[in-house]
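User: Please take a close look at one part of this structure. I would like the bonds, the packing and the burial in one connected account.

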Amino acid sequence: MDINVKKLVKDAGAALSRVVQLTEETLGTSEKTELDAHLEHLADRANATKTWTEKILRNMEAVLTPNPGNRIEDFFYEKIDKKKPNRLSNLEYVGMDMIEAGNDFGPGIAYGSALNKVGQCQQKLGQIERNFIKDAANCYIQPLRKFLEGEMKTVTKEMSILENKRLDLDACKNRVRKARSMLGQQSAERELRVAQSEFDRQAEIVKLLLEGVSSSQAGHLRCLHEFVEAQARYYAQCHAAMQDLQRELAGARQPSPLLRVNSEDVIELTPSPSESQNSSINPPLAGSTYITATFDTDISKV
């Protein structure tokens with residue numbers, strides 16, 4: 001393997017010069033070249049965008065995949081380019097247990113039949129939830145992650161290069177001020193012109209990248225709208241499934257119990273408000289007379 005010794009020595013010297021320059025700036029014994037105000041503003045906006053995007057991404061992943069172990073497992077599967085495991089949701093597990101319990105109790109009895117219906121609904125809700133998680137990941141999480149791992153990583157790298165160019169420029173300025181001979185002065189000024197040119201070129205590159213970061217919010221807004229549509233669709237499907245379940249359970253509800261008095265008059269036990277709304281489902285028995293019974297009780301004699 002060929003090793004370019006001159007390049008290694010040059011890079012080591014540049015690194016040492018940057019460390020010395022940074023130390024002197026920290027101690028306040030050397031001047032520091034400041035970026036222009038517009039570039040500083042763009043850099044601050046980019047840092048804020050990166051910080052908030054990372055926070056939103058972490059929170060969204062925690063909402064969609066509450067189990068941290070599953071999130072770590074999914075992360076490793078993504079890194080090795082393998083398909084994530086197809087896990088059942090908690091609702092689907094609950095639905096499976098309800099169906100098994102209903103079959104064990106007997107689907108012919110009221111409780112067993114209701115367990116089967118509710119269990120099937122829970123499984124349906126779990127499938128709807130899994131579809132929503134998949135849609136949310138595709139329309140919102142993946143674009144945010146791609147932005148952080150692509151565009152923002154490039155910006156961070158170029159900003160680091162700009163900081164190195166800035167340190168090289170200030171180190172050259174210090175050498176020009178400290179040059180004692182005419183020959184040393186000319187050499188230092190030549191290095192200063194080269195360092196200034198490289199710094200200005202890198203600053204323009206960084207400015208273009210930072211302006212691109214500001215314009216990326218339009219794409220993030222579009223992704224956010226798609227996420228809201230997916231979430232609205234998810235809740236609408238869940239609401240429809242629960243309404244269907246309520247209708248099924250109401251249709252299978254048993255008639256209200258009756259109390260016979262003196263083998264002739266029949267008193268219907270007071271139904272709940274929900275049952276009174278469904279009185280059309282339970283018609284009165286033929287030939288039965290319904291009366292309202294009022295009891296006066298003197299509590300002092302009890």
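Analyst: The structure holds 0 disulfides, a disulfide being a pair of cysteine sulfur atoms within 2.5 Å. This is a predicted model, in which local features need pLDDT of at least 70 and side-chain atom pairs count only at pLDDT 80 or more, while totals for chains, interfaces and linings use all residues. Residues are numbered from 1 along each chain as its sequence is written, and side-chain values use heavy atoms, with hydrogens and water left out.

Start with the cysteines. Cys121 has no disulfide because its sulfur is 8.8 Å from the closest cysteine sulfur, in Cys238, which is too far for a bond. Cys121 is buried at a relative accessible area of 7%; here buried means under 20%, exposed over 50%, and partly exposed in between (1.4 Å probe, protein chains only). Cys172 is buried as well, with 5% relative accessible area. Cys139 sits in helix H5. The relative accessibility of Cys139 is 10%, so Cys139 also counts as buried. Cys139 has a C-alpha atom 9.1 Å from that of His225. Along the chain, Cys139 and His225 are 86 residues apart.

Now the setting of helix H5. The protein has 8 helices and 2 strands. These are DSSP runs numbered from the N terminus: helices are H or I with at least four residues, strands E with at least two. From the N terminus, the order is α-α-α-α-α-α-α-β-β-α. Of the 302 residues, 26% count as buried. Helix H5 itself covers residues 110–178.

Next, the salt bridges of H5. Arg166 and Asp170 meet through their side chains, at 2.7 Å from N to O. That is a salt bridge: a side-chain nitrogen of Lys or Arg within 4 Å of a carboxyl oxygen of Asp or Glu. Arg166 and Asp170 are 4 residues apart in H5, so about one helical turn separates them. Both partners are out of reach of the probe for the most part: Arg166 is buried at 2% relative accessible area, and Asp170 counts as buried at 2% too. The pair does not stand alone, since a network of salt bridges links Glu163, Arg166 and Asp170.

Arg175 makes another salt bridge, to Glu191, with the closest N and O atoms 3.4 Å apart. This pair links distant parts of the chain, with Arg175 in helix H5 and Glu191 in helix H6 (residues 182–215), 16 residues apart. Here the burial is unlike that of Arg166 and Asp170: Arg175 is partly exposed at 36% relative accessibility, and Glu191 is partly exposed at 38%.

Then the neighbours of H5. Two packed helices are described by the angle between their axes and the distance between the axes. Helix H4 (residues 90–105) packs with H5 at an angle of about 160°, the axes being 7 Å apart. Axes are lines fitted to C-alpha atoms, for helices over the stretch in contact, and angles run from 0 to 180 degrees between N-to-C directions. H4 is therefore roughly antiparallel to H5. The cut-offs are under 35 degrees for roughly parallel, over 145 for roughly antiparallel, 65 to 115 for roughly perpendicular, and oblique for the rest. H4 passes H5 in a left-handed crossing, meaning the near helix is turned anticlockwise from the far one by less than a right angle, clockwise being right-handed. Their contact holds 10 nonpolar, 11 polar and 3 charged residues. Ala, Val, Leu, Ile, Met, Phe, Trp, Tyr, Cys and Pro count as nonpolar, Asp, Glu, Lys and Arg as charged, and the others, Gly among them, as polar.

Helix H2 is another partner. H2 and H5 pack at about 150°, with axes 10 Å apart. H2 is thus roughly antiparallel to H5. The crossing of H2 past H5 is left-handed. The residues of this contact divide into 19 nonpolar, 3 polar and 4 charged.

H2 carries a salt bridge of its own. The side chains of Lys50 and Glu54 meet at 2.8 Å, N to O. Both lie in H2 (residues 37–64), 4 residues apart, about one turn of the helix. Lys50 is partly exposed at 27% relative accessibility, and Glu54 is partly exposed at 26%. In total, the structure holds 9 salt bridges.
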